[in-house]
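Colleague: I am new to this structure and would like a close look at one part of it, the place where paired helices pack against each other. Please take me through it slowly.

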Amino acid sequence: MRGFEWDMPDDARRERPGGDPARLDGHRLVPLATALLQGDGLILHWSEDAEALLGYTAEEAVGSYAARLLVGEEEWPQVAELFGQIMESRGWSGVFPLRHRDGHVVELEFRTYPIVGPDGALLLLATASDVSSLRQVESDLAILNGFFSQSPIGMAVYDPDLRYVRLNEALARINGMPVRDHLGRRISSILPGINSAEIEQVMRRVLTTGRPVVDARSHGRTPGDPRRDRAWSASYFRLEDSTGRVLGVSSSIIDVTERFQAEARAARAQERLAMIAEATARIGTTLDLQRTAEELVEAVVPRFADFATVDLLEPVLLGEEPVHLAPDRTVRLNAVAVGEAYESGMAHAVDTVGETSEYDAQRVYTQCLRSGRPLLRSHVDEAVLASLVASPDRVGPGMEAGIHSYLMVPLLARGMVLGGSEFIRMRNPEPFTPADVALAEELVARAAIAIDNARLYRRERETALTLQRSLLPQEIHRTLGLEIAYRYLPSSVVSEVGGDWFDVVPLSCGRVALVVGDVMGHGIRAAATMGQLRTVARTLATLDMPPEQVLTRLDETATGIGDGQFATCICAVFDPVDRTVKVASAGHLPPVWVAPDGSARRIDLPPGVPLGVGGVAFESTEFTVAEGGVVALYTDGLVERRGEDLDVGIDRLARTLAQQGRTLEESCDAVLAALVTDGTEDDIAMIMGRVLPVPADRIATLQLNGNGRLPGHARRFTRDTLRRWGLSVVSDYAELLVSELVTNALLHADAPRRLRLFRDRVLTVEVADAGGQTPRLREFGEQDEGGRGMYLVGELAHRWGSRLTKDGKVVWAELELPLGSGG
């Protein structure tokens, strides 16, 4: 008779009010015995739980009288009386002891229901549970219900479809809705203002995997507090019965808004510190003004702003001191950096890099610059934007780009306004706040110091470079018999002026001195030393001193400067007539000579010591060069590279110069391209000279024999030569100079040997003799018959002088030529 059910009273079928403590979702927690008895007490039905509680099997119980089976004989009258009362009433509930099959007594709580059987007979349905087990379950449920209902923590139970099954009042208050409005609905329909999709995704994962989730964050607005964002921490675990069947998900939820806001503030503070640290590392890495402005823009886009600009006052770009911003003066700003996080069209509302805008004195932007205080417009509309931009036609593009928040911070350094930096938000929904202003001020202040340093550096560098350029040759005059090309390259790494120099010094008789030097070190001090040495070297060379004497005097000058200033130098004198080169070195790198056939070699010289060491003699070497050959003088910046031997660089230079078919200028470019590929840590100075043939109409030579008729012969030679050259206009002066020089050689030297006329920028008259005594002007009286020769030479000539040679001396005098008749 298991499964027996007919005309059963409704209250026997319903669960007990508040839910039957013996059942939860159809699963028995406490055994519930059922039995069906006839009106005379005969057992018709005996359930499995009845077997478990009392020990009698259904076969043993069914067909037996309940009183005889379950109670003692002495209790039969009492049982009969109670049974009769039950059958006459609508039922009974209470506790009654029954005897277990093994003899011990079991306290059972009964519920009895009189019912009508199929044939109209009255039957009794009885249910019973063990009192001790039932009291334990009721106690547990009472504790659980109390915990659920009284807990200040929000708690809920959801079915497998994530619908609310049960929740406590604490959670209802958190959500701002009654408990009944939750039941049977999902979070997404109850709380649309929070991240419900993310929450339900977490719950599904808990349902699927069975792994609990602790401290899952949710945030948003609820009907209970619709105007304020809040945050919650939730923990989820899966509910299962004893067989492992999944019943749903349970959650516990606490409000962590204050902690969330504190964490958010801490995260923002940490992010600001990180931005400041990163900006400190990346802003001001160079002393380039524009690059520093670009680094500021790169540091804030897109983390801080969607769009940023840096504009500087015009004097700042020129390296000048910023001017005071007068209240009635307009302001001119030049855009030096612009950056954006994405293509927005905002670029049409601001100046492009290099463009200049003028702001009226009354505009809010100008007033902000003048005050030095930030300008914050948290919310930007068309009217606000019109007050900010330089011209009205920029309002439309700015609004179309989506600008909604604006911040401008003046760039201040050492109490001076350098310009302004603008920050704009478009896609970023958060408006700028006072905290953002503080962060922007910090970043801009760092950039302003770096920009001002770059400005000062630019000014000082321009000053130093101007000084250095003024110390280098401003013009290289064409030299007869020698084509000259040169290059000077300042350091690209050290970014300072240095002590490298070169010079081309025109000498008498068409000769030229080539000087290259390198003062050790960099900066103004090295440049100043270089200027002194170059001036002295040029002066000494014009005195017709041989190269070794020039270096000796330069060494004395460098020693006299003091402060441990040393320099290397090489001095070479080229004579275009006999194509000789006389060269001496003071610790400098050797020249490279390229023959007309393309073979290249370094010219080994007595090394000498650097200038400034003092007390060491210098030696010179003389050699003859062929027409078409090239000689190169240079400083170590051209051939010296870190980790590489100097000889490697010199050999590379020689190979580059050996390649034929280039002009001299092209050879200079080729050398720089081959040897200076990634910049240089030192300045570079280089001179190249190509030997050219001297035209026949530029030089005339007369060999002189030692007899008394030489002056007249020399005059005639001079007159005829100048007539051929079309210079008869200076013939009289030239003849007189020749006559005096030849006569002076006859009187005061062993004998004149050669007369040479040389036409270049001036006409040079040169007389060589075997004497070793230098001519000089001397005093003479009115009655003296001699002593006036060199005085006349000094009066007639533009300049005159002499120089010693290996077999005597040469005395020369120059005459200026009429305009258009020189070389």
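Modeller: What follows begins with the chain as a whole and then turns to the helix pairs and a few single residues.

This is a predicted model, in which local features need pLDDT of at least 70 and side-chain atom pairs count only at pLDDT 80 or more, while totals for chains, interfaces and linings use all residues. Residues are numbered from 1 along each chain as its sequence is written, and side-chain values use heavy atoms, with hydrogens and water left out.

The chain has 23 helices and 33 strands, where helices (H or I, at least four residues) and strands (E, at least two) are DSSP runs, numbered from the N terminus. Of the 823 residues in the chain, 48% are buried; buried means under 20% relative accessible area, exposed means over 50%, and partly exposed lies in between, with a 1.4 Å probe and protein chains only. Among contacts (heavy atoms within 4.5 Å) with a separation of 6 or more, 62% join residues 24 or more positions apart.

The part you asked about can start with helix H17, residues 524–542, and helix H18, residues 547–561, whose axes come within 10 Å and cross at roughly 150°. Axes here are lines fitted to C-alpha atoms, for helices over the stretch in contact, and angles run from 0 to 180 degrees between N-to-C directions. H17 and H18 are therefore roughly antiparallel to each other, since angles under 35 degrees count as roughly parallel, over 145 as roughly antiparallel, 65 to 115 as roughly perpendicular and the rest as oblique. H17 passes H18 in a right-handed crossing, a crossing being right-handed if the near helix is turned clockwise from the far one by less than a right angle, and left-handed if anticlockwise.

On the H17 side the contact is made by Thr529, Gln532, Leu533, Val536, Ala537, Leu540 and Ala541, which meet Val550, Arg553, Leu554, Thr557, Ala558 and Ile561 of H18. These residues divide into nine nonpolar, three polar and one charged, with Ala, Val, Leu, Ile, Met, Phe, Trp, Tyr, Cys and Pro counted as nonpolar, Asp, Glu, Lys and Arg as charged, and the others, Gly among them, as polar.

Thr529, found in helix H17, is a useful residue to follow through this contact. Thr529 has a relative accessible area of 4% and is buried. Leaving out residues up to four places away in sequence, Thr529 touches Val519, Ile561 and Gln565. Thr529 and Ile561 are 32 residues apart in sequence, yet their C-alpha atoms are 7.8 Å apart in space.

A second pair is formed by helix H21, residues 710–725, and helix H22, residues 731–748, which pack at an angle of about 150° with their axes 9 Å apart. H21 and H22 are therefore roughly antiparallel to each other, and H21 passes H22 in a right-handed crossing. The contact involves residues including Leu710, Ala714 and Leu722 of H21 and Ala734, Val738 and Leu746 of H22, and its residues divide into eight nonpolar, four polar and three charged.

Away from the helix pairs, Pro591 sits in the loop between strand S23 (580–586) and strand S24 (592–594), and at 3% relative accessibility Pro591 counts as buried. Its C-alpha atom is separated by 6.8 Å from that of Val631, 40 residues apart along the chain.
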